[in-house]
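User: Hi! I'm new to reading structures, could you walk me through this one?
Analyst: Happy to, let's have a look together.
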Protein chains: 2
Amino acid sequence: MDKVDITQVATAKEAGYLAHIAYDSVIFGFDGKQLKILISEYHNTKLFALPGGFVKINESLDDAVRRGLRERTGLDNIYLEQFHVFGSLERYIPETMEMIMKGGGHNPVEDCWLLDRFISVGYYALINYESVNPQPDELSDSCCWYNIDQLPTLMQDHTMIVAKALETLRDNLDKKLVGMNLLPERFTMKELQTVYESILGQEIRRTTFQRSMLAKGILNRHEKQFSGKSHKAPFVYSFKKDA
Amino acid sequence: MDKVDITQVATAKEAGYLAHIAYDSVIFGFDGKQLKILISEYHNTKLFALPGGFVKINESLDDAVRRGLRERTGLDNIYLEQFHVFGSLERYIPETMEMIMKGGGHNPVEDCWLLDRFISVGYYALINYESVNPQPDELSDSCCWYNIDQLPTLMQDHTMIVAKALETLRDNLDKKLVGMNLLPERFTMKELQTVYESILGQEIRRTTFQRSMLAKGILNRHEKQFSGKSHKAPFVYSFKKDA
DNA sequence: ACAAAAGTGTTAGTGGTACACCCATGC
DNA sequence: GCATGGGTGTACCACTAACACTTTTGT
């Protein structure tokens with residue numbers, strides 16, 4: 001995409017980006033059973049990290065994050081929310097950044113802007129797991145799904161960033177229609193419950209959950225789904241459009 | 001404080017700050033009757049703005065905000081919370097920034113870093129109104145309290161920033177002990193109720209409020225206060241320390 | 001005595017919990 | 001029939017709403 005090699009210029013301006021500002025995205029998906037997030041692994045470094053990026057000079061912060069998501073997932077119109085800014089001094093570790101660049105075969109120029117201190121804005125995204133084929137970026141070997149409770153050790157403060165994202169997601173569970181973005185168009189009550197359980201990290205009473213969800217009046221009930229299992233077929237639901 | 005005139009250097013680095021990153025603070029206070037915030041007016045411009053500032057190269061984002069609050073209020077240990085990052089392109093209006101500097105008697109150098117685009121992190125603070133004597137900064141004529149519903153027209157997107165701060169404060173009312181930071185050590189139930197009402201912007205039923213607050217178990221009740229008014233003297237309360 | 005504001009009791013409604021029970025399906 | 005999982009009815013509990021009532025104080 002970029003015509004210049006961003007590791008071969010000294011200033012952010014030459015590279016076309018704003019200095020000192022980055023974003024990290026925690027991209028949640030749900031495979032029907034478990035909550036997962038996308039993690040990148042950088043070439044030849046054994047470093048695992050959240051997908052992140054920088055803001056172009058003529059681009060809003062939100063657009064920068066959307067651009068990064070589009071490059072990695074192919075999706076547009078993603079549900080996206082800011083949750084925290086990470087601006088401590090401890091997260092400034094130029095050695096790590098240098099390792100990543102060298103691992104990718106780029107030897108950064110003297111005083112390269114990428115080795116400066118960055119303040120990072122944390123975003124979380126909710127996407128439909130089925131409709132995505134994750135793509136690694138230029139510096140990464142892979143970009144794949146990891147269960148939220150089986151993450152590899154992440155670089156810098158990224159483990160804390162994930163924890164904060166999950167915490168915010170929990171707080172927003174009732175306010176925003178989280179399930180709508182993580183589930184396919186039609187789903188069973190059991191699937192919706194599993195989404196809630198994996199976000200909250202605890203079991204929910206089946207009967208209570210069913211009643212409280214229906215009481216919200218945000219679901220449409222459709223004809224039953226015959227699964228071939230030896231038990232009663234569940235109703236299938238979808239979210240009401242106007243909600 | 002600063003030895004260099006920050007308007008007379010081209011790069012943020014020379015001034016000792018990070019480029020492109022600012023903060024704006026919405027500082028809430030409560031005078032016993034109404035919710036107020038601190039607003040600065042710049043010299044000779046008729047521009048009203050939120051108190052804001054920049055991040056030094058060797059300073060965390062949180063510390064930068066605390067430093068700014070200390071300079072304006074004299075207070076340390078302020079209750080502080082991030083609420084949103086404002087990173088749109090529309091907020092980049094270098095002409096306004098130039099007016100402010102010229103109004104303050106500073107003629108910025110060519111390509112001054114202060115005329116670049118900034119992404120701003122919004123913080124809100126809760127402080128004890130009585131213990132503060134607001135101080136204007138170098139570029140401001142004044143820094144004073146305005147009722148939240150009688151603000152002057154603010155520059156750029158600052159009106160929206162205030163709205164977002166208030167919205168976040170509302171959402172956090174039950175989660176965080178907001179009253180503790182806005183009220184003096186001891187207060188009546190009526191005062192606490194007025195804080196809640198002015199944040200929510202609506203009246204609350206007196207009896208319900210009293211019962212729900214007491215049910216939380218976070219208040220200590222002290223001897224009654226004789227106000228000299230012709231009615232029953234109210235109890236005085238304080239927040240429990242461990243909460 | 002009266003007005004004003006504080007504090008409490010009483011009843012009803014709402015929404016979650018716990019448990020029981022019935023229903024549909026494939027073996 | 002039976003195991004399995006889905007859906008609903010019922011009794012109970014906690015919290016809030018609405019309203020009435022009593023208490024305390026200064027004039």
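User: Let's start with B:Glu98. Is it buried, partly exposed or exposed?
Analyst: B:Glu98 counts as partly exposed, with a relative accessibility of 29%. Keep in mind that this is a predicted model.

User: Which side chain does B:Glu98 meet in a salt bridge?
Analyst: Its partner is B:Lys102, and the N to O distance is 3.3 Å. B:Lys102 is partly exposed too, at 46% relative accessibility.

User: Where do B:Glu98 and B:Lys102 sit in chain B?
Analyst: They are in helix 3 (residues 94–103) of chain B, and because they are four residues apart there, about one helical turn separates them.

User: Why would two side chains pair up like that?
Analyst: Side chains of opposite charge can pair when their charged atoms come close.

User: How many salt bridges does a search of the whole structure find?
Analyst: Over all chains, it finds 22.

User: Cool, what about A:Arg91, which side chain does it meet?
Analyst: A:Arg91 forms a salt bridge with A:Asp24, at 3.8 Å from N to O. A:Arg91 lies in the loop between strand 5 (79–86) and helix 3 (94–103) of chain A, while A:Asp24 is in strand 1 (residues 17–30), so the pair ties together parts that are 67 residues apart in sequence.

User: And A:Arg91, buried or exposed?
Analyst: Buried, since its relative accessible area is 9%. A:Asp24 is buried as well, at 8%.

User: Now A:Glu223: which residue forms a salt bridge with it?
Analyst: That would be A:Arg186, with the closest N and O atoms 3.9 Å apart. The two are 37 residues apart and link distant parts of the chain. A:Glu223 is in the loop between strand 9 (219–222) and strand 10 (236–239), and A:Arg186 is in the loop between helix 5 (178–182) and strand 8 (187–188).

User: How accessible is A:Glu223?
Analyst: A:Glu223 counts as exposed, at 54% relative accessibility, whereas A:Arg186 is partly exposed at 43%.

User: Switching to the DNA. How many residues surround DNA strand D, and which are the closest?
Analyst: There are 22, and the closest are A:Arg206, A:Arg211, A:Phe235, B:Arg205 and B:Thr208. Of the atoms of DNA strand D that come within 4 Å of the protein, sugar and phosphate account for 57%.

User: What does the side chain of B:Thr208 have within reach?
Analyst: An N or O atom in the side chain of B:Thr208 is 3.5 Å from a phosphate oxygen of DNA strand D. Bases are involved in other contacts: a polar side-chain atom of B:Arg211 lies 3.4 Å from a base nitrogen of this strand, and a backbone N or O atom of B:Lys232 lies 2.7 Å from a base oxygen.

User: Which elements give two or more residues to the surface near DNA strand D?
Analyst: Helix 7 (206–216) of chain A together with helix 7 (206–216) of chain B. The residues of that surface divide into three nonpolar, 10 polar and nine charged.

User: And which residues come nearest to DNA strand C?
Analyst: A:Arg205, A:Thr208, A:Phe226, B:Arg206 and B:Phe235, out of 22 around DNA strand C.

User: Any base contacts there, say, what is A:Thr207 close to?
Analyst: An N or O atom in the side chain of A:Thr207 is 3.5 Å from a base nitrogen of DNA strand C. Backbone N or O atoms also take part: one of A:Ser230 lies 2.9 Å from a base oxygen, and one of A:His231 lies 3.2 Å from a base oxygen.

Definitions and conventions
Residues are numbered from 1 along each chain as its sequence is written. Chains are lettered from A and ligands numbered from 1 in the order in which they are written. This is a predicted model: local features need pLDDT of at least 70, side-chain atom pairs count only at pLDDT 80 or more; totals for chains, interfaces and linings use all residues. Side-chain values use heavy atoms; hydrogens and water are left out. A salt bridge is a side-chain nitrogen of Lys or Arg within 4 Å of a carboxyl oxygen of Asp or Glu. Buried means under 20% relative accessible area, exposed over 50%, partly exposed in between (1.4 Å probe, protein chains only). A residue is near a molecule or strand if one of its heavy atoms lies within 4 Å of it. A polar contact is a pair of N or O atoms within 3.5 Å; within protein, one must be able to donate a hydrogen and the other to accept it, and residues adjacent in sequence count only if both atoms are side-chain atoms. Ala, Val, Leu, Ile, Met, Phe, Trp, Tyr, Cys and Pro count as nonpolar, Asp, Glu, Lys and Arg as charged, and the others, Gly among them, as polar.
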